[in-house]
Amino acid sequence: MSALAISQGPALSRQLARLPGWAVLSVWTAAVLLPLYILVVSCFKTTAEIYDNRLGLPQSFAFDNFVSAWTRANLGQNFVNSLIVTGGAVILTIVVSAMAAYPLSRYKLGWNAIMLGLFLSGIMLPIRLASVELFTLMRNLGLLDSLTGLILVYSAIRIPFAVFIFANFMRVLPSELDEAARMDGAGEARILFQIILPMVKPAVSIVAIFTAIAVWNDFFFPLIFIFDDRYKTVPLAISVFVGQFRTDWGLVFASLAISMAPILIMYCLLARQIREGVGAGGGMK
Amino acid sequence: MTTLRRRSSLRSTQQRMAVLFILPALAVYALFVLYPLAMSLWGSFFIWKGLRMVEFAGLSNFSRLFVFPSGARLYGALWHNTAWFFGIMVFQNGIGLLFAWLLFLRDKGAAFFQSVFFFPAMLSPVIVGALWRLLLAPGGVIEWALNGLGLHQGSLTVLGNSHIALATLIAVDAWNWMGLPVLIYTAGLRQISGQIFEAAKLDGAGSARMLFSVALPLLMPALGTLTTLSFINTFNQFDIVYVMQGVQGNPSYSTDTLVTYFYRLAFGAEGAVGITDIGLALALGTMLFLILGTGTLMMLRFFDRRTVQL
């Protein structure tokens with residue numbers, strides 16, 4: 001892979017020289033995996049068992065903790081709320097950002113650069129600092145304690161990054177694409193959604209992945225805007241559990257595992273895309 | 001003539017279509033990001049009663065921010081955020097460089113290690129904070145392990161100790177995000193031409209020389225991205241503190257950050273005095289906005305100038 005690796009001396013001494021490096025990498029691997037291993041095995045243990053048997057496998061793989069987290073602690077409702085908010089924000093962000101990026105990257109408007117700059121400035125804006133005014137606005141619009149309100153706020157925050165990505169991908173498509181379609185009498189909406197958007201699928205997946213992660217994980221805005229238990233999202237619920245069920249460790253571990261599950265599944269399916277996306281531009285946050 | 005007219009009619013249709021297409025994104029973005037942010041900056045120059053702007057106050061909110069009783073909180077939080085930033089630069093972005101270099105030198109296993117190292121970054125800081133709070137709790141598994149190894153005796157109270165609580169949170173944050181520098185550095189290293197390393201090796205450079213004298217200068221764009229991201233993230237730090245130490249930044253404000261302080265001023269502290277001070281909160285917000293804005297611009301310029309073109 002790297003040029004350094006190819007042209008080295010005798011194989012054995014090379015491997016020996018690399019041992020300290022492997023050791024360093026293994027230590028951090030253990031530092032990452034051990035806490036996660038403890039999390040997973042503790043999910044199946046009662047609190048007493050967690051104290052008795054710290055690192056071993058549980059006596060039985062009983063799902064009691066998951067059941068009580070899902071029903072008694074009502075994490076099921078929070079989970080559904082998080083899914084709705086994440087799905088809604090991803091779809092809304094993709095649709096409106098692709099619509100905005102299309103003319104900004106492919107028309108000669110004379111004001112493309114200014115408008116694009118206005119959107120891009122939002123990538124860096126510390127929106128948390130606007131939370132007081134945002135709270136007043138949401139209250140006046142009747143969007144407190146509402147999943148719709150969260151979807152709108154998250155989309156607004158993610159639009160700058162999405163427009164940036166879509167514009168970059170759309171700009172390099174050949175102009176014959178839309179010109180030919182226009183000659184055939186296709187409308188602009190059709191050109192965008194049936195011709196351009198399918199050509200920039202990598203952009204769609206980058207935007208979808210990173211919007212989904214950011215929204216699923218966010219804690220700050222539900223903390224400010226959601227008071228009713230029926231509308232709490234998973235991270236907000238978890239922050240309450242940690243204090244509330246302080247003595248029921250098995251339940252807290254199980255709820256942490258449940259909240260990680262969708263991210264873990266996504267990560268296993270998309271690890272390569274995520275690694276490349278992050279490596280290319282640090283597209284997170 | 002006709003083509004000209006067609007072209008100009010296409011132009012005006014395009015102008016109309018463009019406005020129509022941009023409007024939804026612009027409306028959502030302007031209403032929920034630009035407008036509240038502008039109003040927050042503007043509002044920091046006013047006296048507030050509850051959530052109502054009363055009268056223009058000039059810079060009085062700002063001067064109140066720096067004196068008793070706010071001053072101690074402000075300087076404390078400012079120091080904690082600064083320490084957090086440098087802690088992350090050393091323990092996350094420094095050690096991350098070592099990991100990335102080790103992975104770059106190996107032809108096998110890089111993808112596996114990268115995936116493992118990056119996994120915690122996929123998790124919500126709330127989940128990470130809650131997990132480590134359980135692991136580090138008195139009676140938790142880390143206390144048990146340290147006692148068993150004879151490295152520590154009795155109850156482990158790192159999170160209750162004001163001298164090491166902040167360092168512990170920084171370590172948890174570094175654990176959370178270690179994968180980010182590893183991925184960004186390895187992507188940067190792969191872009192460097194192999195011939196450069198070949199030449200350095202022919203000149204007899206060892207692995208350490210190669211990293212610091214050859215690779216690092218060429219990694220300036222990656223280092224710039226990481227420094228800027230770490231700066232923005234640490235000065236927005238809230239979730240880990242809230243989940244592990246509460247919104248007061250316990251014990252005795254030793255892990256308080258600018259955003260937890262902002263949150264208490266804006267939305268009231270739970271449990272203790274539930275009093276909000278919107279004027280002060282907005283002034284703090286404006287100050288933080290200026291710190292983030294100037295800091296980010298300075299860093300981008302700094303690293304831009306040090307980028308080596310080959």
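Tutor: Let's start with the vocabulary: helices (H or I, at least four residues) and strands (E, at least two) are DSSP runs, numbered from the N terminus. What you see is a predicted model, where local features need pLDDT of at least 70, side-chain atom pairs count only at pLDDT 80 or more, and totals for chains, interfaces and linings use all residues. Residues are numbered from 1 along each chain as its sequence is written, while chains are lettered from A and ligands numbered from 1 in the order in which they are written.

Student: Thanks! How many helices and strands are there in chain A?

Tutor: Try following the ribbon of chain A from end to end. Its C-alpha trace spans about 75 × 70 × 35 Å along the principal axes. On the way you meet 15 helices and zero strands.

Student: And what is the radius of gyration of chain A?

Tutor: For 285 residues, the globule rule (2.2 Å times the number of residues to the power 0.38, with the radius taken over C-alpha atoms) gives 19 Å. Chain A is well over that, so it is more spread out than a compact globule. Its radius of gyration is 24 Å.

Student: What does the secondary structure of chain B come to?

Tutor: Chain B has 310 residues, and its C-alpha atoms fill a box of roughly 80 × 65 × 30 Å along the principal axes. Its radius of gyration is 25 Å, well over the 19 Å of the globule rule, so chain B is also more spread out than a compact globule. Its secondary structure comes to 14 helices and two strands.

Student: What percentage of the residues of chain B count as buried?

Tutor: A residue is buried if 20 or more other C-beta atoms, placed from the backbone, lie within 10 Å of its own, exposed if 12 or fewer, and partly exposed in between. In chain A, 42% of the 285 residues count as buried. For the 310 residues of chain B the figure is 42%.

Student: Now the two chains together: which helix gives the largest share of the side of chain B that touches chain A?

Tutor: Here 75 residues of chain B are in contact (C-beta atoms, placed from the backbone, within 7 Å) with 76 residues of chain A. The largest share on the chain B side, 18 residues, comes from residues 2-43 of chain B, which form helix α1.

Student: How many of the residues on that side of chain B are nonpolar?

Tutor: We sort by type: Ala, Val, Leu, Ile, Met, Phe, Trp, Tyr, Cys and Pro are nonpolar, Asp, Glu, Lys and Arg charged, and the others, Gly among them, polar. The side of chain B that touches chain A has five charged and 14 polar residues. The nonpolar ones number 56.

Student: Which helix gives the largest share of the largest nonpolar core?

Tutor: This core (buried Ala, Val, Leu, Ile, Met, Phe, Trp, Tyr and Cys joined through C-beta atoms within 7 Å) has 170 residues. Among the members that touch the most others are A:Val163, A:Leu256, B:Ala130 and B:Phe262. The largest share of the core, 18 residues, comes from α9(A).

Student: Is B:Ala130 buried or exposed?

Tutor: B:Ala130 lies in helix α5 (residues 125-136) of chain B. Leaving out residues up to four places away in sequence, B:Ala130 touches A:Ile238, A:Val242, A:Val252, A:Leu256 and B:Val243. A:Leu256 also touches A:Leu39, B:Ile127 and B:Leu131, among others. With 26 C-beta neighbours inside 10 Å, B:Ala130 counts as buried.

Student: In which loop is B:Tyr253 found?

Tutor: B:Tyr253 has a positive phi of about 60 degrees although it is not a glycine. With 17 C-beta neighbours inside 10 Å, B:Tyr253 counts as partly exposed. Its place is the loop of chain B between α12 and α13.

Student: Which residue does a cis peptide bond join to B:Asn250?

Tutor: Most residues other than glycine have a negative phi, and most peptide bonds are trans. The bond from B:Phe68 to B:Pro69 is cis, with omega near 0 degrees, and B:Pro69 lies in the loop between α2 (60-66) and α3 (70-105) of chain B. With omega about -10 degrees, another cis bond joins B:Asn250 to B:Pro251.

Key. Contact = placed C-beta atoms within 7 Å.
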